[in-house]
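Let's take a walk through a protein model together, one stop at a time. Have the picture ready and follow along.

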Amino acid sequence: ADDKFAEIQKATEENKNFTIRHSISKKTKNFLLKEGFTELPEQQVTTANSIRHIFKEHWVGNEKNPDQIPVTWEDIKHIPEIQQNYDNIKISPYKNKQWQTVIIYEKIIDNHYYYLEKINHRWQLETQTMYIKNIKKDS
């Protein structure tokens with residue numbers, strides 16, 4: 001997995017394309033079925049483009065929300081763990097700007113990670129964004 005993240009980091013920084021693909025966990029498939037999906041996406045994808053979006057909105061110096069912690073490469077490396085071993089998952093009540101369904105994953109790792117995927121036009125779960133809230137602030 002580290003090799004793929006080294007490749008996607010390089011592609012992100014060089015403004016090139018690169019995609020990490022893997023199968024959807026049984027836990028996520030069961031959640032989607034319970035939510036009424038009759039057809040399940042085939043795979044999860046994280047693209048260099050989606051990571052550029054995360055950094056544009058939530059990177060050090062770009063995070064505008066004072067309740068959130070800027071995202072770093074170390075945080076991005078947690079995406080597969082959040083996808084496979086989340087603490088909570090839900091369908092967002094809101095669609096994204098492309099009117100696509102958004103899935104919110106939550107995982108507590110040091111702080112509190114929120115990771116969002118969209119169901120894209122290729123019927124894949126695709127990374128949309130990631131943000132981090134400091135749970136120590138909340139308590």
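The residues that line the largest pocket fall into three classes: two are nonpolar, nine are polar and five are charged. Before we go further, keep in mind that this is a predicted model. How is empty space found in such a model? Rolling a probe the size of a water molecule over the atoms shows where empty space is left. The volume of the largest pocket is about 410 Å³. Its lining counts 16 residues, and those closest to the centre of the pocket are H53, E57, K97, Q128 and T129.

Which element gives the most to this lining? That is α3, with six residues. Elements that each supply at least two lining residues include α3, β6 (112-119) and β7.

Now look for the second largest pocket, which holds about 170 Å³ of space. Among the residues lining the second largest pocket are T19, R21, V45 and T47, along with K118, N120, H121 and R122. Here β1 (19-23) and β2 each supply at least two residues. Sorted by class, the lining of the second largest pocket has one nonpolar, seven polar and four charged residues.

Let's return to helix α3, which spans residues 48-58. Which of its residues are buried? They are A48, S50, I51, R52, I54, F55 and H58. A general rule is handy when you look at a helix: an α-helix has 3.6 residues a turn, so residues three or four places apart point the same way. The cover over the buried residues of α3 includes α1, β2 (43-47), β3 (68-69), α4 (73-76) and β7 (125-133).

One residue lets us see this cover close up. T12 sits in helix α1, which runs over residues 2-13. Is T12 buried or exposed? Its relative accessibility is 7%, so T12 counts as buried. Leaving aside residues up to four places away in sequence, T12 touches A48, I51, R52, F55 and W73.

Two of those contacts, F55 and W73, bring us to the aromatic rings. A pair of aromatic rings is described by the distance of the centres and the angle of the planes. Searching the whole structure turns up five aromatic pairs. In one of them, F55 and W73 meet edge-to-face, with 5.0 Å from centre to centre and 80 degrees between the planes. Because F55 belongs to helix α3 and W73 to helix α4, the pair ties together parts that are 18 residues apart in sequence. F55 is buried, with a relative accessible area of 10%, and W73 is buried too, with 11%.

Another aromatic pair is made by Y105 and Y115; this one is tilted, with 5.5 Å centre to centre and 50 degrees between the planes. Y105 lies in strand β5 (residues 102-107) and Y115 in strand β6, so the pair links distant parts of the chain, ten residues apart. Y105 counts as buried at 0% relative accessibility, and Y115 is buried with a relative accessible area of 0%.

Two last stops remain. F55 appears once more, as it forms one aromatic cluster with W59 and W73. Finally, find K27, which lies over the face of Y86, 4.2 Å from the ring centre.

Key
Residues numbered from 1 in each chain as written. Predicted model: local features only at pLDDT ≥ 70, side-chain atom pairs only at ≥ 80, totals over all residues. Heavy atoms only, no water. Helix = DSSP H or I, 4+ residues; strand = E, 2+ residues; numbered from the N terminus. Buried < 20%, exposed > 50% of the residue type's maximum accessible area, 1.4 Å probe, protein only. Contact = heavy atoms within 4.5 Å. 1 Å grid on protein atoms, 1.4 Å probe; cavity = no way out; pocket = protein on both sides within 12 Å on 5 of 7 lines; lining within 4 Å. Points joined across faces, edges and corners; volume = space filled by probe spheres on them. Nonpolar A, V, L, I, M, F, W, Y, C, P; charged D, E, K, R; others polar. Phe/Tyr/Trp six-rings, centres within 6.5 Å; stacked < 30°, edge-to-face > 60°. Lys NZ or Arg CZ within 6 Å of the ring centre and 35° of its normal.
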